[in-house]
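Me: I have a model open and want to check the labels put on it. Take me through them one by one.

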Amino acid sequence: MKVLGIVGSPRKDGNCDLLVKEFLDATDAETEYIFLNQKKLFGCNACMACENGDCVIDDDGNEIIKSLLEADVLVFATPIYYGQMTAQAKAFVDRFYQISRNAEKSLEGKKVVTIFTQAQPENVFGDYIESFKTMPFGYMGMEVIGNVTAMGTQSKGDSDELAKYIDEVKEIASNL
């Protein structure tokens, strides 16, 4: 089994980054880690060239999508900024278009674990987070098998503040 960890936070060594690394360290599977903010990744142009192959945009997107296609489990992490995922995470999700338009590519049957961080201490973004089960992941034939929402976590990479959430990600990872 291969587990791909994708971090959509712009903050290296931040809360999402720490939680994904803890998850990957806690699994016995083969793992790969991608920090999107260190990649050259543009949004989809909707040019439709991907219907006949890979995306034609000259960036790291095809490499990232190739890793996703090879993985059995995706661990997708993003902070909630202004009520939504980050721009980095959205650019990654938008590149699913090349999979949905190409009959030779599929995410059907892949498992997903979502990790969200937010400074807000209450569950005000619960409906938004729950919607990921449908779009984009459910739409692509993927199944969300776990979620950790680290509420009230604002200090960058504070393992004391994240302690209970670290336990949660380790528990999900150990049950893969």
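**Cysteines first**

Reply: The sulfur of C44 lies 6.3 Å from the closest cysteine sulfur, that of C50, which is too far for a bond. This is a predicted model: local features need pLDDT of at least 70, side-chain atom pairs count only at pLDDT 80 or more, and totals for chains, interfaces and linings use all residues. Residues are numbered from 1 along each chain as its sequence is written, and side-chain values use heavy atoms, with hydrogens and water left out.

Me: What makes 6.3 Å too far for C44?

Reply: A disulfide is a pair of cysteine sulfur atoms within 2.5 Å. C44 and C50 are 6.3 Å apart at their sulfurs, so no bond is assigned. C47 is in no disulfide either: its nearest cysteine sulfur, in C55, is 6.2 Å away. A search of the whole structure finds zero disulfides.

Me: Why is C44 called partly exposed?

Reply: Buried means under 20% relative accessible area, exposed means over 50%, and partly exposed is in between (1.4 Å probe, protein chains only). C44 has 35% relative accessibility, so it counts as partly exposed. C47, with a relative accessible area of 48%, is partly exposed as well.

**The sheet**

Me: How do you know which strands are partners in the sheet?

Reply: Strands are DSSP runs of E, at least two residues; helices are runs of H or I, at least four; both are numbered from the N terminus. Two strands pair if DSSP finds at least two bridges between them. Six bridges join β1 to β2. Five join β1 (residues 2-7) to β3. Seven join β3 to β4 (residues 111-118). Each of these pairs runs parallel. The result is an open sheet of five strands in the order β2-β1-β3-β4-β5.

Me: What makes β2 and β5 edge strands?

Reply: Each has a single partner strand, so one side of each is left without a neighbour in the sheet. The twist averages 15° from one strand to the next. Angles here run from 0 to 180 degrees between N-to-C directions, with axes fitted to C-alpha atoms, for helices over the stretch in contact.

Me: Which residues stand opposite each other?

Reply: Among them, V3 has T31 in β2 as its bridge partner. L4 stands opposite L74 in β3. V75 has V113 in β4 as its bridge partner.

Me: Why is β3 called mostly covered?

Reply: Seven of its seven residues, 73-79, are buried. In a regular strand the side chains alternate between the two faces of the sheet. Both faces of β3 are covered: V73, V75, A77 and P79 are buried on one side, and L74, F76 and T78 on the other.

**Helices on the sheet**

Me: How do you know that the buried residues of α2 line one face?

Reply: In α2 (residues 61-70), G61, I64, I65, S67 and L68 are buried. Seen down the helix axis, the buried residues fall within an arc of 155°, so they line one face of α2. The arc is that of the directions from the helix axis to the C-beta atoms.

Me: What covers the buried residues of α2?

Reply: Contact means heavy atoms within 4.5 Å. The cover includes β1, β2 (30-35), β3, α3 (87-94) and α4 (97-100). Helix α1 (residues 15-26) lies across β1, β2, β3, β4 and β5, running at about 170° to β1. α2 also packs on the sheet, touching β1, β2 and β3, and its direction makes about 140° with that of β1.

**Single residues**

Me: Why is T149 called buried?

Reply: T149 has a relative accessible area of 13%, so it is buried. T149 is in β5 (residues 143-151). Not counting residues up to four places away in sequence, T149 touches F116, Q118, I129 and Y165.

Me: What makes T149 and N147 a polar contact?

Reply: A polar contact is a pair of N or O atoms within 3.5 Å; within protein, one must be able to donate a hydrogen and the other to accept it, and residues adjacent in sequence count only if both atoms are side-chain atoms. The side chains of T149 and N147 make such a contact at 2.8 Å.

Me: What makes the backbone at D13 worth flagging?

Reply: Most residues other than glycine have a negative phi, and most peptide bonds are trans. D13 has a positive phi of about 65° although it is not a glycine. D13 is in the loop between β1 and α1. M48 has a positive phi of about 75° and is not a glycine either. A cis peptide bond joins M135 and P136, with omega about 20°.
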